Amino acid sequence: MLENIRLIRFIFHLLVFISSNKTVKDLITSDVEMVIKKRRWTDISLYKALLVTLKNDKYYRTIFYLRIGRKSRFLRLLSPGSNSFFLNTNQIGGGIYLAHPFATFINAERIGRDFSCRQCTTIGNKTDGRNDLRPTIGNNVQVGANVVIIGHVNIGDNVIIGAGSVIVKDIESNSIVAGNPARVIRKIS
């Protein structure tokens, strides 16, 4: 009963979601579907999954607020997001999943659909003040913990980056990479 009462403050979040334009709704829907998939939830509606995730996951709330833009000002007062990670990109596809992204800094040019990363990840420019030299990340990319991706590099689609890897060169699609500096350890067929 008490849990249901705590969910009530997120009704405003749900109303903002419902009243958002189609593009924003599609992105948030993709994000929630990824949460359902990663957490292996079964028999849960999209709306309930959204409410439960907003209530329990301050990291997800931060992404939700990024998606809805200016409308988030009031909602942040009701329930703030997280200040323990930074996310800056011109474009982020739907289906983003940040698994406990404490101390994570993401400053990418573009991130495709179905992106996931772990804690202590750094993605950004190699030279201070040169945001034109940021990484571009494709679709369906998984990034392990303590990964560094810096410079004007392109990460292809369907790439898995092992924990502790340092990426300073382009990575082809359908690759598993690891190491410092990272190298392809296997191609995905």
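In this predicted model, arginine 67 and aspartate 31 are both buried. Their side chains form a salt bridge, in which the closest N and O atoms are 2.8 Å apart. Arginine 67 belongs to helix H5, whereas aspartate 31 belongs to helix H3, which covers residues 22-38, so the pair ties together parts that lie 36 residues apart in sequence.

The salt bridge just described is one of five that the structure holds. Another joins the side chains of arginine 39 and aspartate 57, with a distance of 2.7 Å from N to O. This pair, too, links distant parts of the chain, since arginine 39 is found in the loop between H3 and helix H4 (46-56) and aspartate 57 in the loop between H4 and H5, 18 residues apart. The two partners differ in their surroundings: arginine 39 has a relative accessibility of 28% and therefore counts as partly exposed, while aspartate 57, at 9%, counts as buried, the limit for a buried residue being under 20%.

A further salt bridge is formed by glutamate 109 and arginine 134, whose closest N and O atoms are 3.3 Å apart. Here the link runs between the loop that joins S3 to strand S4 (110-111), where glutamate 109 is placed, and the loop that joins strand S6 (122-124) to strand S7 (136-137), where arginine 134 is placed, the two residues being 25 positions apart. Glutamate 109, with a relative accessible area of 27%, is partly exposed, whereas arginine 134, at 4% relative accessibility, counts as buried.

Turning to the nonpolar residues, the largest core comprises 25 residues, and those with the most contacts inside it are Leu98, Ile106, Phe115, Val141, Ile149, Ile155 and Ile161. Both a helix and several strands contribute to this core: two or more residues come from each of helix H5 (58-68), strand S1 (85-89), strand S3 (104-108), strand S5 (115-117), strand S8 (141-143) and strand S11 (159-161). A second core, separate from this one, contains 22 residues, among them Val32, Met34, Phe64 and Tyr65.

The surroundings of isoleucine 155, one of the residues with the most contacts inside the largest core, can be described in greater detail. When its neighbours within four places in sequence are left aside, isoleucine 155 is in contact with Thr136, Ile137, Gly138, Val141, Ile149, Ile161, Ile167 and Ile171. Val141, Ile149 and Ile161, which appear among these partners, are also listed with the residues that have the most contacts inside the largest core.

Note on methods
Residues are numbered from 1 along each chain as its sequence is written. This is a predicted model: local features need pLDDT of at least 70, side-chain atom pairs count only at pLDDT 80 or more; totals for chains, interfaces and linings use all residues. Side-chain values use heavy atoms; hydrogens and water are left out. A nonpolar core is a set of buried Ala, Val, Leu, Ile, Met, Phe, Trp, Tyr and Cys residues joined through side-chain atoms within 4.5 Å. Buried means under 20% relative accessible area, exposed over 50%, partly exposed in between (1.4 Å probe, protein chains only). Helices (H or I, at least four residues) and strands (E, at least two) are DSSP runs, numbered from the N terminus. Contact means heavy atoms within 4.5 Å. A salt bridge is a side-chain nitrogen of Lys or Arg within 4 Å of a carboxyl oxygen of Asp or Glu.
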